[in-house]
Amino acid sequence: MADSADYDLHHHGDREVGPGLVDLAVNVRLARPPEWLRRELVSAVDSLAVYPDSSAAQAAAAARHGRPVPEALVTAGAAEAFTLLASALKPRHAVVVHPQFTEPEAALRAAGHEVSRVILSASDGYVLDPSAVPDEADLVFVGNPTNPTSVLHPAGVLQALIRPGRLLVVDEAFLDAIPGEAESLAGSPLDGVVVLRSLTKTWGLAGLRAGYVLGPADVLARLRSVQPPWSVSTLAAVATVACCRPAALEEAEKLATAAEADRDYLVSRLAELGLAALGDPRGPFVLVEGPDDDLRTRLREAGYAVRRGDTFPGLGSRHLRLAVRSREVTDGFIAALARSL
């Protein structure tokens with residue numbers, strides 16, 4: 001079992017950005033929420049004197065995925081769900097599949113749980129082999145698509161991880177950025193499976209903290225029992241309802257299609273410089289390995305912030321995660337990258 005001290009599990013892309021830098025480090029695609037969502041949030045400001053009620057948001061999240069209301073729990077961003085899971089559960093053998101978002105492991109360790117790591121390899125494109133997860137693991141975390149590798153695991157592979165007495169937690173924070181939400185388990189009620197969703201990435205709501213959990217009603221009842229009162233703000237609840245409406249889902253699908261095209265463009269421009277994307281990227285970000293440890297610093301000096309990779313278990317100081325941006329931004333970045341290589 002690796003020690004958490006070997007990686008800064010609390011390092012995230014927002015710590016890379018700074019004044020005057022073009023941000024390719026944070027995986028939030030929109031610079032601001034769309035105008036229709038801004039109007040709804042502004043209209044809700046006058047109700048802030050009243051304590052928040054997330055029941056309508058819970059119903060909206062459940063209906064969006066065709067699930068009963070007790071199978072949805074609204075949270076202050078998907079990240080809150082990691083803390084709730086770590087607080088409510090008493091796993092004997094918790095496993096986190098890496099490289100992936102580090103907050104699940106950080107939350108487990110903060111709650112006093114021991115954590116084992118299953119490290120996927122770049123040699124086979126960070127493909128998940130269910131047999132790599134120990135049979136005795138009773139709590140397993142995996143991202144889909146995985147941050148930072150951008151690999152999308154087939155739903156069947158994830159379902160192969162289901163075992164009696166095991167809770168499988170699938171972090172689908174970026175799944176709405178995949179056209180058609182391919183390989184999602186959100187709408188498939190399965191015993192022993194919890195799915196996390198975020199509204200942050202697609203709708204430009206990182207500062208609002210809006211997300212939700214889907215899963216068996218008894219598991220969510222345990223999470224609800226340790227959730228702080230009123231942790232979901234009025235504005236986050238309003239955003240959840242708004243972003244679960246059919247019109248919003250149609251817009252999200254268009255954004256996902258555009259992000260896919262912009263990602264493919266970024267991958268092709270990187271290839272022109274001999275810098276191949278690792279794995280088979282399907283999300284709105286790409287993982288690369290630079291020629292040396294100092295490429296990130298040179299890019300920063302050239303005006304571009306990128307996400308360092310060496311805080312992710314399984315990656316090193318040459319790894320960089322690049323957020324997908326518009327083609328115009330990509331062209332400027334590629335020009336700076338060419339000068340920095």
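This report describes the fold, surface and selected side-chain contacts of a predicted model.

## Overall fold

The protein chain holds eleven helices and eleven strands. Its radius of gyration is 19 Å, close to the 20 Å that the globule rule gives for 341 residues, so the chain is as compact as a globular protein of that length. Measured out along the principal axes, the C-alpha trace spans about 55 × 50 × 35 Å.

Among contacts in the protein chain with a separation of 6 or more, 75% are accounted for by residues 24 or more positions apart. Several of the pairs described below are examples of links between distant parts of the chain, including Arg325 with Asp23 and Asp262 with Arg29.

## Burial, surface and charge

Of the 341 residues, 53% count as buried. The protein chain exposes about 13900 Å², and carbon and sulfur atoms supply 53% of that area.

The chain carries 33 positive and 43 negative charges. The mean positions of these two sets are 3 Å apart.

## Salt bridges between distant parts of the chain

A search of the whole structure finds 23 salt bridges. One of them joins the side chains of Arg325 and Asp23, with an N to O distance of 3.8 Å. Arg325 lies in the loop between strand 11 (319–323) and helix 11 (327–340), while Asp23 belongs to strand 1 (residues 22–24); the two are 302 residues apart. Arg325 has 12% relative accessibility and therefore counts as buried, because the cut-off for buried is under 20%. Asp23, at 25%, counts as partly exposed.

A second pair is Asp262 and Arg29, whose side chains meet in a salt bridge at 2.4 Å, N to O. Here helix 9 (residues 246–272) supplies Asp262, and the loop between strand 1 and helix 1 (35–43) supplies Arg29, 233 residues apart. Asp262 counts as buried at 13% relative accessibility, whereas Arg29 counts as partly exposed at 26%.

A third salt bridge is formed by Glu181 and Arg64, with the closest N and O atoms 2.7 Å apart. Glu181 sits in the loop between strand 6 (167–171) and strand 7 (193–198), and Arg64 is in helix 2 (residues 55–64), which places the partners 117 residues apart. With 19% relative accessibility, Glu181 counts as buried.

## A salt-bridge network

Salt bridges also link Asp6, Glu105, Arg109 and Arg117 in a network. Two of these residues, Asp6 and Arg117, appear again in the surroundings of Pro313: Asp6 through a C-alpha separation and Arg117 through a contact.

## The surroundings of Pro313

Pro313 is placed in the loop between strand 10 (304–308) and strand 11. Its relative accessible area is 0%, so Pro313 is buried. Leaving out residues up to four places away in sequence, Pro313 touches Tyr7, Leu9, His98, Pro99, Thr102, Arg117 and Ile119.

The C-alpha atoms of Pro313 and Asp6 are separated by 8.4 Å, although the two residues are 307 residues apart along the chain.

Note on methods. Residues numbered from 1 in each chain as written. Predicted model: local features only at pLDDT ≥ 70, side-chain atom pairs only at ≥ 80, totals over all residues. Heavy atoms only, no water. Helix = DSSP H or I, 4+ residues; strand = E, 2+ residues; numbered from the N terminus. Rg over C-alpha atoms; globule rule 2.2 N^0.38 Å. Buried < 20%, exposed > 50% of the residue type's maximum accessible area, 1.4 Å probe, protein only. Contact = heavy atoms within 4.5 Å. Areas by Shrake-Rupley, 256 points an atom, 1.4 Å probe, with all protein chains shown as cover. Lys, Arg positive; Asp, Glu negative; His and termini not counted. Charge placed at Lys NZ, Arg CZ, Asp CG, Glu CD. Salt bridge = Lys/Arg side-chain N within 4 Å of Asp/Glu carboxyl O.
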